[in-house]
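Thanks for coming. I have one structure to go through today, and I will keep to what can be read from the model. Please have it on your screens.

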Amino acid sequence: MRHLTDTQKQRLLKAIKYLALAIATSIAMALGLTSCNVTRTITTESKSLTRGDTAIIIQTKTIESYNAQKK
């Protein structure tokens, strides 16, 4: 059986740390992607011309937000 040098041991520990970090990040992302936010904007506009070139514009805007979570 071959013994590892100090440099090889440090490299091996660093590789293990990166692997553990990658696994932890993957798990966090998988858990974080189970919820989502949706925003829908509805704009309604009505125009009418009165008295020459004077324009009246009535505009309404509705913003709806939904929060969903997978169970």
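Which residues does Glu45 touch, not counting residues up to four places away in sequence? The answer is Ile57, Ile58 and Gln59. Before I go further with that residue, a word on what we are looking at.

This is a predicted model. The mean pLDDT is 76, and 77% of the residues reach 70 or more. Confidence is lowest in β1, at a mean of 71, and highest in α1, at 84. Please keep that in mind, as much of what I say next concerns β1.

Now the layout. The protein has one helix and two strands. Read from the N terminus, the order of the elements is α-β-β. The helix, α1, covers 6-32. Strand β1 takes in residues 35-50, and strand β2 takes in residues 54-69.

Back to Glu45, which sits in β1. Its C-alpha is 7.2 Å from that of Ile57, with the two positions 12 residues apart in sequence numbering. Is Glu45 buried, exposed or partly exposed? Its relative accessible area is 43%, so it counts as partly exposed.

The second place to look is Asn37, also in strand β1. Where is its C-alpha relative to that of Ser65? The two are separated by 7.3 Å, although they are 28 residues apart along the chain. Ser65 belongs to strand β2. As for contacts, and leaving out residues up to four places away in sequence, Asn37 touches Tyr66 and Asn67. On the same basis, Ser65 is in contact with Val38 and Thr39.

How accessible are these two residues? Asn37 is exposed, because its relative accessible area is 64% and the cut-off for exposed is over 50%. Ser65 also counts as exposed, at 55% relative accessibility.

That brings me to the protein as a whole. What share of the 71 residues is buried? The figure is 0%. The cut-off for buried is under 20% relative accessible area. The protein exposes about 7100 Å², and carbon and sulfur atoms supply 59% of that area. On contacts, take those between residues at least 6 apart in sequence: 37% of them join residues at least 24 apart.

Last, the surface. Which residues form a nonpolar patch there? They are Leu4, Leu12, Leu13 and Ile16, and together they have about 370 Å² of accessible area. Leu4 is found in the segment before α1. With a relative accessible area of 41%, Leu4 is partly exposed.

To recap, Glu45 in β1 touches Ile57, Ile58 and Gln59. Asn37 touches Tyr66 and Asn67, while Ser65 is in contact with Val38 and Thr39. Buried residues make up 0% of the protein, and Leu4 is one of the residues in the nonpolar surface patch. That is all I have.

Methods:
Residues numbered from 1 in each chain as written. Predicted model: local features only at pLDDT ≥ 70, side-chain atom pairs only at ≥ 80, totals over all residues. Heavy atoms only, no water. Patch = residues over 30% accessible without salt bridge, like charges linked within 9 Å, V, L, I, M, F, W, Y side chains within 5 Å. Areas by Shrake-Rupley, 256 points an atom, 1.4 Å probe, with all protein chains shown as cover. Salt bridge = Lys/Arg side-chain N within 4 Å of Asp/Glu carboxyl O. Helix = DSSP H or I, 4+ residues; strand = E, 2+ residues; numbered from the N terminus. Buried < 20%, exposed > 50% of the residue type's maximum accessible area, 1.4 Å probe, protein only. Contact = heavy atoms within 4.5 Å. pLDDT = per-residue confidence, 0-100.
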